[in-house]
Amino acid sequence: MSSQKVNHADRIGEAFALQVLSEHFGTETFIGSSIELKVEELASIVYKEIRDPDFFGATITLKRDNRKYVLLNTSQTLRHRYFTAAHEFWHVLNINSMIKDDIDPERAADRFAAALMLPESLVRSLIRSLQEDDKKEQEEKKIVIRISDISSAPYVAVVKRLVELKLTDNKGLAELSDKDWTEIRRELNIVESPLDQPQRINRFTDYEERIAQEVQDDNLNFIEASKRLATVSPEKSAEYAQLRAAEVEKVMDEIENDEDDDFLDALFETRRTKK
């Protein structure tokens, strides 16, 4: 890909991020985890634990109802999950269809995600503030970590953003992986962040709601609902299984109580006859 085409994709991604921040969030802000709530307003999110370190997420559009589904890999850290949601928001909004130029949509979506999670004006302001806090100037590594935690963005994405905005010329930072950054936190005695851990969940809220409605309308029983949710929402599946077990237990109790009543009635009748 030519450098001219790369730069064009970056410019378009940056421009649309500013527009989306204004239209969907009201202002330039560090959106963090709220990106998932915003995505879910326009699409259905499928949270799925996928044991593939190279897979982060995808957006699928069903032709039947034109409904979009965003798949997020919950085996990835929360930082990466939020960044992936921001990337997929580009596809959910179908921004590609608004662009007449021939660009690399994935490159543009990556720049869009970076600019969405790390707005230029906020990053520049934060850099100045962090440097003023320490008259000797904080190490760049500490600054990267602080910005990553404040924005909930991946360390690598923050470094790339600082390079794009010409806020650092430290090439060594760009060579560090996310694993390297967690080690650097320990070396600098910076407390661990929950953002560096995955939240291994399997949830498909839209489908769960449909199943709940089917159960409420008596189109599905608890055991059928449990089976349908077994792979996409194991926790909800277990809840329906428990409801089914409770239902069976109640019926069994009623049967046992009925049997006791019959036995007592028979015993009473026998005693009355003897008298």
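The following paragraphs lead through a predicted model, from its sheet to its nonpolar cores, its largest pocket and several individual residues.

The sheet offers a convenient starting point. Four strands make up an open sheet with mixed pairing, in the order β2-β3-β1-β4. Its edges are formed by β2 and by β4 (203–204), each of which pairs on one side only. Strand β3 covers residues 68–73, and its two partners run in opposite senses relative to it: β1 (residues 44–48) pairs with β3 in the parallel sense over five bridges, whereas β2 (residues 57–61) pairs with β3 in the antiparallel sense, also over five bridges. On the far side of β1, two bridges join that strand to β4, and these two strands run antiparallel.

Individual bridges allow the register to be followed. Between β1 and β3, I45 has V70 as its bridge partner, and Y47 is partnered by L72. Between β2 and β3, T59 has V70 as its bridge partner, while I60 stands opposite Y69. V70 of β3 is therefore a point at which both pairings can be read, since β3 supplies V70 as the bridge partner of I45 and of T59 and is itself a largely enclosed strand, five of its six residues being buried. Between β1 and β4, the bridge partner of V46 is F204.

How enclosed are the strands that pair with each other here? Five of the six residues of β3 are buried, so the strand is largely enclosed by the rest of the structure. Strand β1 is likewise mostly covered, with four of its five residues buried. The hairpin of β2 and β3 has six residues between its strands, and within this hairpin N66 adopts a positive phi near 60°.

Attention now turns to the packing of side chains. In soluble globular proteins, nonpolar side chains tend to be buried together. In this model, the largest nonpolar core comprises 55 residues, and those with the most contacts inside it are I35, F89, W90, F112, L116 and I147. Another core, of six residues, lies apart from it and includes I211, L220, L229 and Y240. L116 illustrates the surroundings of one residue of the largest core: with neighbours within four places in sequence set aside, L116 is in contact with A17, V20, L21, T29, I31, I35, A86 and F89.

A second example of contacts between separate parts of the chain is provided by A9, which lies in helix α1 (residues 3–25). With a relative accessibility of 0%, A9 counts as buried. Although A9 and E106 are 97 residues apart along the chain, their C-alpha atoms are separated by 8.9 Å. Residues up to four places away in sequence not being counted, A9 touches I103, D104, R107 and A108.

The model also contains open space. Rolling a probe the size of a water molecule over the atoms shows where empty space is left. The largest pocket holds about 390 Å³ of space. It is lined by 19 residues, of which H80, F83, D110, P154 and A157 are the closest to its centre. Three helices, α3 (78–92), α4 (105–117) and α7 (155–164), each supply at least two residues of this lining. By class, the lining consists of nine charged, six nonpolar and four polar residues.

Finally, two loop residues deserve attention for their backbone conformation. S152 lies in the loop between α6 (140–151) and α7; it is not a glycine, yet S152 has a positive phi of about 65°. K166 belongs to the loop between α7 and α8 (178–187), and K166, also not a glycine, has a positive phi of about 55°. Are these two residues buried or exposed? S152 counts as buried because its relative accessibility is 12%, under the 20% limit that defines a buried residue. K166, in contrast, is exposed, with a relative accessible area of 74%, over the 50% limit that defines an exposed residue.

Note on methods:
Residues numbered from 1 in each chain as written. Predicted model: local features only at pLDDT ≥ 70, side-chain atom pairs only at ≥ 80, totals over all residues. Heavy atoms only, no water. 1 Å grid on protein atoms, 1.4 Å probe; cavity = no way out; pocket = protein on both sides within 12 Å on 5 of 7 lines; lining within 4 Å. Points joined across faces, edges and corners; volume = space filled by probe spheres on them. Nonpolar A, V, L, I, M, F, W, Y, C, P; charged D, E, K, R; others polar. Buried < 20%, exposed > 50% of the residue type's maximum accessible area, 1.4 Å probe, protein only. Pairing = 2+ DSSP bridges. Core = buried A, V, L, I, M, F, W, Y, C linked by side-chain atoms within 4.5 Å. Contact = heavy atoms within 4.5 Å.
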